[in-house]
Amino acid sequence: MLRVGLGVDVHAFAPPEAGRRLILGGVDVPHERGLAGHSDADVLAHAVTDALLGAAGLEDIGHYFPDTDPRWKDADSIELLREVRRVVGEEWSVANVDAVLICERPKVRDYRDEMRRNLAGALGVEVGQVSVRGTTSERLGFTGRGEGIAAQAVCLISKV
Ligand SMILES: [Zn+2]
């Protein structure tokens, strides 16, 4: 039995004075601004988490980690993904994840492999089962204007 899930997430950049770090796929990416959010605002990890939850037919990420709960303030989203993998259960195995980060800057190429390792580690799969790519929106829209970062992911799971 196979099931596929789609995850989509968007976070706005916080103003520089907010002093937020930019965390993408569990990697602290050097950049002049970080993303705004209750947790570490890891837009990539959130999209992957929602893709996994969707594949399993569960509620969305906000149901498990509401942004009104102080427990998840500045939470490490890779750890939230690890927790969701546990919730999904051992009867499902993760076949693969494909994720895309949409932003003009920063360029994700140099950090992609580390992001893949972090996501794969949380999911308990091999690095080769997780792909992360970056793309721009050709300077169009909010990602093109550098107002935020969007991420999309699909996750395929199978039950033996
Ligand atoms: Zn998010």
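Is Asp74 buried, partly exposed or exposed? With a relative accessible area of 47%, Asp74 is partly exposed. Here buried means under 20% relative accessible area and exposed over 50%, with partly exposed in between (1.4 Å probe, protein chains only).

Before we go on, a word on the model. It is predicted, so local features need pLDDT of at least 70 and side-chain atom pairs count only at pLDDT 80 or more, while totals for chains, interfaces and linings use all residues. Residues are numbered from 1 along each chain as its sequence is written, and side-chain values use heavy atoms, leaving out hydrogens and water.

## The zinc site

Let us start with the metal. The zinc ion has Asp9 (OD), His11 (NE2) and His46 (ND1) as its protein donors, at 2.0 to 2.1 Å. Donors are N, O and S atoms within 2.8 Å of the metal (3.2 Å for Na, K and Ca); water is not among the atoms, so sites may look incomplete. Along the sequence, the donor residues follow the spacing D-x1-H-x34-H. Asp9 belongs to strand β1 (residues 2-12) and His46 to helix α1 (residues 43-55), so this pair ties together parts that are 37 residues apart in sequence. Helices (H or I, at least four residues) and strands (E, at least two) are DSSP runs, numbered from the N terminus. Asp9 is buried at 18% relative accessible area, and His46 is buried at 10%.

## Asp40 and its surroundings

Asp40 sits in the loop between β3 (27-29) and α1. Contact means heavy atoms within 4.5 Å. Leaving aside neighbours within four places in sequence, the contacts of Asp40 include the zinc donor His46, as well as Arg20 and Asp74. Which side chain of opposite charge is nearest to Asp40? The nearest one is Arg20, 6.3 Å away, and the buried Asp40 has no salt bridge. For this count, Lys and Arg are positive and Asp and Glu negative; His and the chain ends are not counted. A salt bridge is a side-chain nitrogen of Lys or Arg within 4 Å of a carboxyl oxygen of Asp or Glu.

## Salt bridges

Side chains of opposite charge can pair when their charged atoms come close. By this rule there are ten salt bridges, including these:

| Pair | Closest N and O atoms |
|---|---|
| Arg20 and Asp74 | 3.3 Å |
| Arg21 and Asp28 | 2.7 Å |
| Arg82 and Glu79 | 3.1 Å |

Arg21 is exposed at 55% relative accessible area, whereas Asp28 is partly exposed at 39%. Arg82 and Glu79 both lie in helix α3, three residues apart, about one turn of the helix. Arg82 is partly exposed at 37%, and Glu79 is partly exposed at 38%. Salt bridges with shared partners join Arg20, Lys73 and Asp74 into one network.

## The nonpolar core

A nonpolar core is a set of buried Ala, Val, Leu, Ile, Met, Phe, Trp, Tyr and Cys residues joined through side-chain atoms within 4.5 Å. The largest one has 46 residues, and Leu24, Val48 and Leu52 are among those with the most contacts inside it. Helix α1 supplies the largest share of this core, nine residues. Not counting neighbours within four places in sequence, Leu52 is in contact with residues including Leu81, Val84, Leu123 and Ile157.
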